[in-house]
Amino acid sequence: MRILLTNDDGIHAEGLASLERIALTLSDDVWVVAPEQDQSGYAHSLSISEPLRLRTIGEKHYAVRGTPTDCVIMGTKKILPGPPDLILSGVNSGANIADDVTYSGTVAGAMEGALLGIRSIAVSQAYSYVGEDRVVPYETTEALAPALLKKLIATPLPDGVLLNVNFPNCAPDEIEGTVVTSQGKLVHSLWVDERRDGRGLPYYWLRFGREPVEGKKGTDLYALRNRLVSVTPLQLDLTAHELRDQLTKALS
C-alpha cells in the first residue's frame, strides 16, 4: 500500500513526524509532501497566481511552497511514481471539529484526496496549555491510530467521502472509546485585533472569540469532551438536498 502524507502545520511539524511513524506501521511505502511553511486556516485553497516551488528534504520527503491542497496535487500528479492508495493528513496540532473543518488545511488535504478518488483521512489531536506553552499529547494518537486506521481502511466508502478523525486531549489509557460522530456547532466569531508597528502604522490580526458550548451527544464536540475518539464521515457534496423540492415549488 502506497501512502501519501501531508499536513497544514508544515514540513517540520512534530505532528507530521508522528503521522509518519503511524503510517510506517501500515506500510513501508510512505511518502511525505508537505507545505514549506505553516498553512493553518488556508482551507481548501489552491496556489494559482504564483508558481509552486518544490524542495527535496530527503528520500521520499518533499516540501512545497504552497497549501496542503497543492501538496496533494503535486504528490499524486508529479512526485510519486504512481497514485497513492491512501492519503493521511495531519497529525494536526489541535482538534478539527464542528465549524472549524471549513477552515482547516488538514481536512482540506484529505478533501483533495477524496476529489482525486483516493481514500483520505484527516487526523488531529486536541491539546491544552500549561502556562503559555501548548502541550499536544501526540502519544495518544500514536498509540491508538494504527489499529483504528486499519479498521477504517478496510471499511468501504462511497465516492466523495473522507474521514475526519480527532483524538481527545488525554493520555492513551484515559480514552473511553471510539465513536462515529456528526459535526457539532461552535458559537464563535472572528475578531479584528488592531495593533501598531514600529512606525505607528496599523496592522491587524484575526483572532477567535468563543463562548462555552455543550456539544450535543453524537457530535464530535461531545466526543472529545468525554474522552472519546471521534470519527466523522464528511462528504464533498454540499447540496442541501432536503430543500430542493421546496425551492422548486417556490420558483415554479
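**View 1. Helix α1 passes helix α4 in a right-handed crossing.** This is a predicted model. The axes of α1 (residues 14-23) and α4 (residues 138-153) come within 9 Å. They cross at roughly 35°. From α1, the contact takes in Glu-14, Gly-15, Ser-18, Arg-21 and Ile-22. From α4, Tyr-138, Thr-141, Glu-142, Ala-145, Pro-146 and Leu-149 meet them. By type, the residues of the contact of α1 with α4 are 5 nonpolar, 3 polar and 3 charged.

**View 2. Helix α1 is largely enclosed by the rest of the structure.** Of its 10 residues, 7 are buried, so the surroundings largely enclose the helix. The buried residues are Gly-15, Leu-16, Ser-18, Leu-19, Glu-20, Ile-22 and Ala-23. Glu-20 is thus listed as buried alongside Leu-19. The buried residues of α1 pack against strands β1, β2, β4 and β5. They also pack against helix α4. Gly-15, Ser-18 and Ile-22 are buried, and these residues of α1 also take part in the contact with α4.

**View 3. An open sheet of 9 strands shows mixed pairing.** The strand order is β3-β4-β2-β1-β5-β6-β9-β13-β10. β3 (54-58) and β10 (177-180) stand at the edges. Each has a single partner strand, so one side of each is left without a neighbour in the sheet. Neighbouring strands are turned by 20° against each other on average, direction ignored.

**View 4. Strands β6 and β9 run parallel.** β6 covers residues 119-125, and β9 covers residues 161-167. The two strands are joined by 5 bridges. Gln-125 has Phe-167 in β9 as its bridge partner. Phe-167 is also among the residues that Leu-148 touches.

**View 5. Helix α2 lies across five strands: β1, β2, β3, β4 and β5.** α2 spans residues 68-79 and runs at about 140° to β2 (29-35). The other strands beneath this description include β1 (2-6), β4 (61-64) and β5 (86-93). In α2, 9 of the 12 residues are buried, so the helix is largely enclosed by the rest of the structure. The buried residues are Pro-68, Thr-69, Asp-70, Cys-71, Val-72, Met-74, Gly-75, Thr-76 and Ile-79. Their cover includes β1, β2, β3, β4 and β5. Helix α3 is also included in that cover.

**View 6. Helix α3 lies across β1, β5, β6, β9 and β13.** α3 spans residues 105-115. It runs at about 170° to β6. β13 covers residues 228-235. α3 is also part of what covers the buried residues of α2.

**View 7. Leu-148 is a buried residue of helix α4.** Its relative accessibility is 13%, and buried means under 20%, so Leu-148 counts as buried. Leaving aside residues up to four places away in sequence, Leu-148 touches Val-165, Phe-167, Thr-178, Val-229 and Val-231. Leu-148 and Leu-52 are 96 residues apart in sequence. Their C-alpha atoms are 34 Å apart in space.

**View 8. Leu-243 is found in the loop between β13 and α6.** Helix α6 covers residues 244-251. At 37% relative accessibility, Leu-243 counts as partly exposed. Leu-243 and Thr-219 are 24 residues apart along the chain. Their C-alpha atoms are separated by 23 Å.

Notes: Residues numbered from 1 in each chain as written. Predicted model: local features only at pLDDT ≥ 70, side-chain atom pairs only at ≥ 80, totals over all residues. Heavy atoms only, no water. Axes fitted to C-alpha atoms, helices over the stretch in contact; angles between N-to-C directions. Helix = DSSP H or I, 4+ residues; strand = E, 2+ residues; numbered from the N terminus. Left-handed = near helix turned anticlockwise from the far one by under 90°. Contact = heavy atoms within 4.5 Å. Nonpolar A, V, L, I, M, F, W, Y, C, P; charged D, E, K, R; others polar. Pairing = 2+ DSSP bridges. Buried < 20%, exposed > 50% of the residue type's maximum accessible area, 1.4 Å probe, protein only.
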